Amino acid sequence: MNVHSADALTVEEALATQEAAQEKFDSEAATQVAMQDTLLTPRFYTTDFDELDAVDVTPVREDWDKLIAQMQSDPNRGHFKKNENWDHVDWDGMEPQLKKEFLDFLISSCTAEFSGCVLYKEMKRRGSNADITQLFQLMARDEARHAGFINDALREAGVAVNLGFLTQKKKYTYFRPKFIYYATYLSEKIGYARYITIFRHLEAHPEHRFHPIFKWFEEWCNDEFSHGEAFALLMKTDPKLTSGINVLWIKFFLTAVYSTMYVRDHQRPAFHKALGVDPDWYAHEVFTKTSKLSEQIFPITLDIDHPRWQRGLVRLQKANADLARAKTETGIGAALTRLTSQARAAAAFVSLFTIPAKTHRVPATTRLEPAY
Ligand SMILES: [Fe+2]
Ligand SMILES: [Fe+2]
């Protein structure tokens with residue numbers, strides 16, 4: 001009998017159920033969107049798995065065992081599937097621009113979830129360190145469920161991302177393990193902050209909940225929270241990772257992750273209008289939460305209230321919008337616009353990156369619980 005990915009106990013089982021669903025259903029357009037590799041679209045990563053496998057978690061053993069036990073207890077098993085709370089979605093009646101942006105949101109979220117799944121699954125497969133492989137197996141299980149659930153929602157609209165095809169054909173970007181830590185830690189924590197902010201907003205304004213998937217975001221973000229905790233503990237095993245020159249790398253990743261989110265969200269005005277969310281407010285809210293959380297392990301946070309911050313984000317977003325427009329046009333004028341908007345985007349990023357960061361003393365105890 002076929003189980004649903006939500007009930008699957010392992011990543012392999014979860015992916016098999018998605019594969020079975022895919023066989024009956026394919027949507028090339030959605031998969032093509034997921035295949036895109038630009039600065040703004042979710043990527044797939046690969047790393048030095050041997051180096052990761054050699055991590056010794058002894059210095060954080062107590063917290064580690066507690067976290068693993070919590071993940072093993074699997075509080076969200078069975079959660080990620082449609083039930084009686086799943087309202088009917090009128091895809092055909094949806095305003096076309098909203099439909100386009102919302103589909104784009106779902107496809108990009110599905111790709112991002114699956115990107116985590118692929119990386120974690122590969123680490124589990126290649127490793128021999130029992131602590132590490134156990135953690136990565138548990139995280140891959142969660143991400144497979146998340147990606148599977150989004151695909152369930154997409155199928156109702158007549159599209160779906162072919163996850164098997166992506167695994168084989170999407171380009172993999174190599175990152176050294178320490179960059180994987182910074183990037184993945186941040187994407188898990190910012191993912192938590194994004195999901196919980198939308199969830200709380202819609203709790204207060206249910207009239208804006210135009211799709212049932214948002215009802216699932218609370219438990220969802222708790223998974224991402226735990227994943228972030230795991231990366232915080234991994235980084236804690238080696239104090240060098242969060243000191244010295246690496247603090248500059250941390251600043252780089254914070255700036256890149258925050259500004260990417262800002263630019264990407266501003267590409268979806270109709271989506272945010274339907275949610276009743278001002279994307280500038282939302283960005284500031286998510287950055288504030290993520291910064292507060294990341295104080296657990298990073299010795300700096302970005303000064304998001306600095307006068308240059310919002311200005312830099314707007315400049316970056318405008319340069320990106322001009323670049324996107326010029327990419328659809330031909331001729332010497334468009335070529336020139338492409339060049340100048342790339343230069344403007346780079347200058348805006350440098351302006352953001354050079355804002356002095358705020359420093360603080362990192363707490364002795366790393367572990368946090370979801371509090372928003
Ligand atoms: Fe996830
Ligand atoms: Fe995650």
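How many Å separate the centres of domain 1 and domain 2, taken over C-alpha atoms? In this predicted model, the answer is 23 Å. The two domains are stretches of the protein chain, with domain 1 covering residues 1-236 and domain 2 covering residues 238-363.

The two domains also touch. Here 27 residues of domain 1 are in contact with 28 residues of domain 2. On the side of domain 1 that touches domain 2, at least two residues each are supplied by α5 (96-126), α8 (177-204) and α9 (217-236). The largest share of this side comes from α8, with 13 residues. Sorted by class, the side of domain 1 that touches domain 2 holds 14 nonpolar, six polar and seven charged residues.

A database record adds a label to part of the chain. According to an unreviewed UniProt entry, the annotation "domain: Rubrerythrin diiron-binding" covers residues 104-234. Over residues 104-234, helix makes up 79% of the chain and strand 2%. The C-alpha atoms at the two ends of this stretch are 33 Å apart.

With helices in view, it is helpful to look at how they pack. Two packed helices are described by the angle between their axes and the distance between the axes. A good pair to begin with is α5 and α6, the latter being the helix of residues 130-156. Their axes lie 7 Å apart, and the packing angle is about 155°. Angles over 145 degrees count as roughly antiparallel, and α5 and α6 are therefore roughly antiparallel to each other. The crossing in which α5 passes α6 is left-handed. The contact of α5 with α6 brings together 16 nonpolar, six polar and four charged residues.

The next pair joins α9 with α4, a helix of residues 61-72. The axes of α4 and α9 come within 11 Å and cross at roughly 155°. With that angle, α4 and α9 are therefore roughly antiparallel to each other. Their crossing is left-handed. On the α4 side, Asp63, Trp64, Leu67, Gln70 and Met71 take part, and they meet Ser226, Glu229, Ala230 and Leu233 in α9. Five of the residues in the contact of α4 with α9 are nonpolar, two are polar and two are charged.

The last pair is α8 and α10. How do these two helices pack, and at what angle? Helix α10 spans residues 246-265, and α8 packs with α10 at an angle of about 40°, the axes being 10 Å apart. This makes α8 and α10 oblique to each other. The crossing of α8 past α10 is right-handed. From α8, the contact is made by Lys178, Tyr182, Ala183, Leu186, Ser187 and Ile190. From α10, the residues making the contact are Asn246, Trp249, Ile250, Phe253, Leu254, Val257 and Met261. By class, the contact of α8 with α10 contains ten nonpolar, two polar and one charged residues.

How values were computed:
Residues are numbered from 1 along each chain as its sequence is written. Chains are lettered from A and ligands numbered from 1 in the order in which they are written. This is a predicted model: local features need pLDDT of at least 70, side-chain atom pairs count only at pLDDT 80 or more; totals for chains, interfaces and linings use all residues. Domain bounds come from an automatic or database domain assignment. Two residues are in contact if their C-beta atoms, placed from the backbone, lie within 7 Å. Helices (H or I, at least four residues) and strands (E, at least two) are DSSP runs, numbered from the N terminus. Ala, Val, Leu, Ile, Met, Phe, Trp, Tyr, Cys and Pro count as nonpolar, Asp, Glu, Lys and Arg as charged, and the others, Gly among them, as polar. UniProt positions are given in the numbering used here, feature names are shortened, and annotations may be inferred rather than shown by experiment. Axes are lines fitted to C-alpha atoms, for helices over the stretch in contact, and angles run from 0 to 180 degrees between N-to-C directions. Angles under 35 degrees count as roughly parallel, over 145 as roughly antiparallel, 65 to 115 as roughly perpendicular and the rest as oblique. A crossing is left-handed if the near helix is turned anticlockwise from the far one by less than a right angle, and right-handed if clockwise.
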